[in-house]
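User: Could you take a close look at the salt bridges in this protein for me? I'm new to this, so please walk me through them slowly.

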Amino acid sequence: HENTGLQSWIPPEDQNYGATAAHVRQGPHVSVSRNSPAKRDFLIVGVLCYANLINFMDWFIVPGILLDIQKYFKLSDGATGLLQTVFILCYMLAAPFFGYLGDRYNRKVILGAGIVFWSGVTLGTSFITESYYWIFFLSRGLVGIGTASYSTVAPTIIADRFDEGKRTTMLSAFYICIPVGSGLGYVLASGMARVTGDWHWAFRITPCMGGLALVLLILVVPHRIQRRTELHRALSISGTIRVAAEKPGVQRTARTTWCQDVISLGKNWSFVWSSLGLTAMAFVTGALGLWVPMFLYRAQVVLGLVPPCLQKSCNLSNSLIFGGITIGTGILGVIAGAEAARRLRRINNNADPLICATSMFVSSLCLYIALMVAQTNILLTFIFIAFGELFLSVNWAVVTDILLYVVTPRRQSTAIALQILVSHLLGDAGSPYLIGTVSNAIQAKNDSTFKWSFWSLQYSFIICVFVGVFGGGFFLLTSFYIEEDRKEAEQ
């Protein structure tokens, strides 16, 4: 179990939210140990960001060389699509388990074990022969389990090293690695396959990068990382710090069962509504990630810009452009969201959920416009898809920051794990399949033409617009409870 200690500083934002009320028994004076995060804290975030980059590169290696893998193992389209489903299912089902461990045991050990595990499995994947396709499926599920150990624990370490203002910035850097790592996964996989002539080499680079991440983790991240629940709250009085004693009769390090943690989180309405908002985000991003290149291709065929692809290998320019859009808008969106949250919190305590709600509404509007103009102007379609992705990316770091201050720190890993489970189970695990199924149903009732092939996908994409609007509504509901839940978590 990670050790306890005293915290000699308090974020100024806590005073705005009433986190440290006057009804505490004043303790002895303690000098301020630090007015700003130490250099080591920034190094820790750097190491965690680097590992997160590798994490998402591993996610998207398979999509980057999907055609080669399909041909090598002689897989049908259905079996090929199952590869990502296996990965996501194992990832989301393993997340609650690692959340439980992360709240109770040494987090550095969990992170290190996860990196070793998923890097080892990825390396082993590169030696699978064509007669053992089932092992390839198994390996993707095991990689999902390994990455779950990292995604549930790493953000809580950042939360414990920084106060609110800096925490949002650091989380932004952490979550920028999602779009950047995703894009680099495509680039790495296709590049290695093209240079070596063998797709197996795509799985031999990230394990080496994972080895470096493990070394940096051992050298930079401390073995014992103090949790905020294990620290006394502090009050700033006339330039000095007074330690706030705990309420009599409250056991600070009392253990709770996993079921008790889940029940408590279920009563935390800020957590519930923001998790549903994140689920709507995941639904939309999952559908966009798979179907937008196909949608753009069908639109270009209808407009006569490109000829129909009747060969096994088609032009992948739309995928490359969309990958570049994902990286660029991801970086800009996360930075913009963090900066907007930092500035607006000063004037509105409910700024975070309101930012998320607004961005979801605007993103849905941009996506709807992109769908409507696709049959007349492909350039405007690209532009509005880029804006839609930009406003979706605004929420990544802000949503996690909401969780980290409305949930008491001793339950944060469990909360992140449950959020991962719900958002993937109801979000991107099923949205690509749902969009494709609806499109197939529309095509089955109409003529088999290129126009109906385009229209069917266009109409099915309208589902994402409605889901995005619902997501904005969920974040609006979060704003009604967030201040009260924050105060309760900080007490």
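Analyst: Here is a walk through the salt bridges, followed by a short stop at one cavity and one helix.

Keep in mind that this is a predicted model. A search of the whole structure turns up five salt bridges. The idea behind them is simple: side chains of opposite charge can pair when their charged atoms come close.

Let's start with Arg411 and Asp261, whose side chains meet in a salt bridge at 2.8 Å, N to O. Arg411 sits in the loop between helix H16 (395–406) and helix H17 (412–428), while Asp261 belongs to helix H11 (residues 258–266), so this pair ties together parts that are 150 residues apart in sequence. Are the two partners buried or exposed? Arg411 has a relative accessible area of 11%, so it counts as buried, because the cut-off for buried is under 20%. Asp261 is buried too, at 0% relative accessibility.

Now move to Arg345, which turns up in two pairs. Its side chain meets that of Asp352 in a salt bridge of 3.0 Å, N to O, and it also meets the side chain of Asp401, at 2.5 Å, N to O. That second pair links distant parts of the chain: Asp401 is in helix H16, and Arg345 is in the loop between helix H13 (317–344) and H14, 56 residues apart. What about burial here? Arg345 is buried, with a relative accessible area of 7%, and Asp352 is at 1%, so Asp352 counts as buried as well. Asp401 is also buried.

Then there's a little group: Glu339, Arg342 and Arg343 are linked in a network of salt bridges.

While we're at it, look at the second largest cavity, with a volume of about 60 Å³. Helices H12 (269–303), H14 (351–373) and H15 (378–393) each supply at least two residues of its lining, and the largest share, five residues, comes from H15. By class, the lining has six nonpolar, two polar and one charged residues. Among the lining residues are Phe384, Ile385 and Glu389.

Last stop, helix H10 (residues 206–220). Its 15 residues should span 21 Å at 1.5 Å a residue, and its end C-alpha atoms are 20 Å apart, which agrees. Its buried residues are Thr206, Pro207, Gly210, Ala213, Leu217 and Val220. Seen down the axis of H10, they fall within an arc of 150°, so they line one face of the helix. The face turned away from that buried side carries the exposed residues Cys208, Ile218 and Leu219.

Technical notes. Residues are numbered from 1 along each chain as its sequence is written. This is a predicted model: local features need pLDDT of at least 70, side-chain atom pairs count only at pLDDT 80 or more; totals for chains, interfaces and linings use all residues. Side-chain values use heavy atoms; hydrogens and water are left out. On a 1 Å grid over the protein atoms alone, a cavity is a set of points where a 1.4 Å probe fits but cannot get out, and a pocket is an open set with protein on both sides within 12 Å along at least five of seven lines; lining residues have an atom within 4 Å of a point. Grid points are joined across faces, edges and corners, and a volume is the space filled by probe spheres set on the points. Helices (H or I, at least four residues) and strands (E, at least two) are DSSP runs, numbered from the N terminus. Ala, Val, Leu, Ile, Met, Phe, Trp, Tyr, Cys and Pro count as nonpolar, Asp, Glu, Lys and Arg as charged, and the others, Gly among them, as polar. The expected span of a helix is 1.5 Å times one less than its number of residues. Buried means under 20% relative accessible area, exposed over 50%, partly exposed in between (1.4 Å probe, protein chains only). The arc is that of the directions from the helix axis to the C-beta atoms. A salt bridge is a side-chain nitrogen of Lys or Arg within 4 Å of a carboxyl oxygen of Asp or Glu.
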